2 protein chains.
Amino acid sequence: MPEAAINGLILDQIKATQMPKLVASDIATALKKRISSGEWVENGRIPPERDLASEFGVARNTMRRAVSFLEDDGTVVRHVGRGTFLTAANPASMAAVVGRMEGTSPADMMEIRQLLEPAAASFAATNASAMELNAVREAHRIASESQDMPTFEHWDAEFHHRIFACSRNEFLKEIHNLMRILRNQAPWFEMKKRSFSEERRSIYCEEHQAVLDALLRRDPESASQAMLAHLKTVQRNLLGR
Amino acid sequence: MPEAAINGLILDQIKATQMPKLVASDIATALKKRISSGEWVENGRIPPERDLASEFGVARNTMRRAVSFLEDDGTVVRHVGRGTFLTAANPASMAAVVGRMEGTSPADMMEIRQLLEPAAASFAATNASAMELNAVREAHRIASESQDMPTFEHWDAEFHHRIFACSRNEFLKEIHNLMRILRNQAPWFEMKKRSFSEERRSIYCEEHQAVLDALLRRDPESASQAMLAHLKTVQRNLLGR
DNA sequence: CCTCCCTGAACCAATATTGAGCCAATTCTT
DNA sequence: AAGAATTGGCTCAATATTGGTTCAGGGAGG
């Protein structure tokens, strides 16, 4: 526990004893302060009512009413036998998010790709080092020369990945990693197999070439546009619209 | 109040906060910390459950549940008779992605928010039901009327969340959930605390109002623009550029 | 006197932890 | 190769923790 927090507690206590009337709503705001100072973010759980009550020097009934305010706010949820939890900040919900993501539809994801990938291409055109651009070009070359679908698939994905890699935005890179993992799962695999053809492969390669050219010219605007055009083709092929 | 009594209080406080209740989820986070500090990287093996249990002073059953958390999010795999092993070697696993995301900078995230949230607002203007729009308006109203910072914080976040909720894109919604969780963690707290002021709050409210108006007019283009303007304000306040 | 809020206490129901034992897969020792 | 030791998987009953609820009383302010 940080020293500042302890001091805060002490101050609260002294204030509390100087001003003997501590009512539920006051306690509720004190709790909110401690929550928004990040006090209980770790594992998102706040202490049991009985502990809080004795800590604040009030009866459990009062503390219950105080916590009820937070519950009404939606700041907190309570479970009998388990405890009281912050709604926003618990790491457990991270797993839940990822779980739900696994069920999202390819259509939804393609929509978001069309937001993120052009931006990534644009960032890359501005920020990439010569070496990184070479890596992109290399991925494109291998994909173009590949003979079978799995190899093409792999280097196609790698091409996109390497563009994200030089976007200089860690968060964007990780979102793309997420998408990449999701795309390697069941519903996508069928879809990709169905939609693959030699003709489409050569179209993809041309479009990749356009993106690569724009990157090499350091032209963010046309990189973005070329990527968007490519994704629209992919979407059409994958989802048939 | 006599000084001795104050000291008593202080001691009580420290005692109370130094002795946290150890439950399975707490142990899980403690384990994660030790793992990420490189404790057991050598041959990637974690001590047997029985040892860990006695080390943490809990029953083996409890330790088993704790380790199960790690197993669930893919941090670890267990083999009967052999032991429990780290899986961290695989950078493409969901768990690894999530782990790295926790370390992304607010600046990077704000950049991505400026891509996604205007789009979400635009989708929402087109797709939202009347009831959903009412929910957005309600969040805005409560935020505007809130008296203290934590309440405002909460309903501010809720406003944004409800816009995503009516974007009709599950994947987008989940990405926003991720951002929301990350924003409730350590590095953001300082920043938010530092940047808050009554004046800024009222500016945020006005900007929210502009977004809301555009949504109610079912005008995707201006919803998107209003949201972008708002995010630029937030970014300026948060990051000082 | 009345109202409102807090106190203190007891009990309930849901959930978690304990402690113990046994099984099955694996590894180590003889 | 056979047996002992280690290790995760599993079950069960007893106990502890925790939020939910109710009730009788006290004290401050109208």
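A residue counts as near a molecule or strand if one of its heavy atoms lies within 4 Å of it. This is a predicted model, where local features need pLDDT of at least 70 and side-chain atom pairs pLDDT 80 or more, while totals for chains, interfaces and linings use all residues. Residues are numbered from 1 along each chain as its sequence is written, chains are lettered from A and ligands numbered from 1 in the order written, and side-chain values use heavy atoms, with hydrogens and water left out.

**View 1. The protein surface around DNA strand D.** Of the 27 residues around the strand, A:Glu49, A:Arg60, A:Arg64, B:Arg60 and B:Arg64 come nearest. Sugar or phosphate supplies 57% of the strand's atoms within 4 Å of the protein, and bases supply the rest.

**View 2. Side chains at the phosphates of DNA strand D.** An N or O atom in the A:Arg64 side chain sits 2.8 Å from a phosphate oxygen. For B:Arg78 that distance is 3.1 Å, and for B:Thr84 it is 3.3 Å.

**View 3. Where chain A meets chain B.** Here 53 residues of chain A are in contact (heavy atoms within 4.5 Å) with 50 residues of chain B. About 4,700 Å² is buried (accessible area, 1.4 Å probe, lost on being put together, summed over both parts), and carbon and sulfur atoms give 72% of that. On the chain A side, A:Met94, A:Phe171 and A:Glu174 lose the most area to chain B, together 16% of what that side buries.

**View 4. A salt bridge between the chains.** A:Arg45 and B:Asp26 pair up through their side chains at 3.7 Å, N to O. The rule (a Lys or Arg side-chain nitrogen within 4 Å of an Asp or Glu carboxyl oxygen) finds three salt bridges across this interface.

Terms used
Buried area = accessible area lost by both parts, 1.4 Å probe. Polar contact = N/O pair within 3.5 Å; in protein donor to acceptor, adjacent residues only side chain to side chain.
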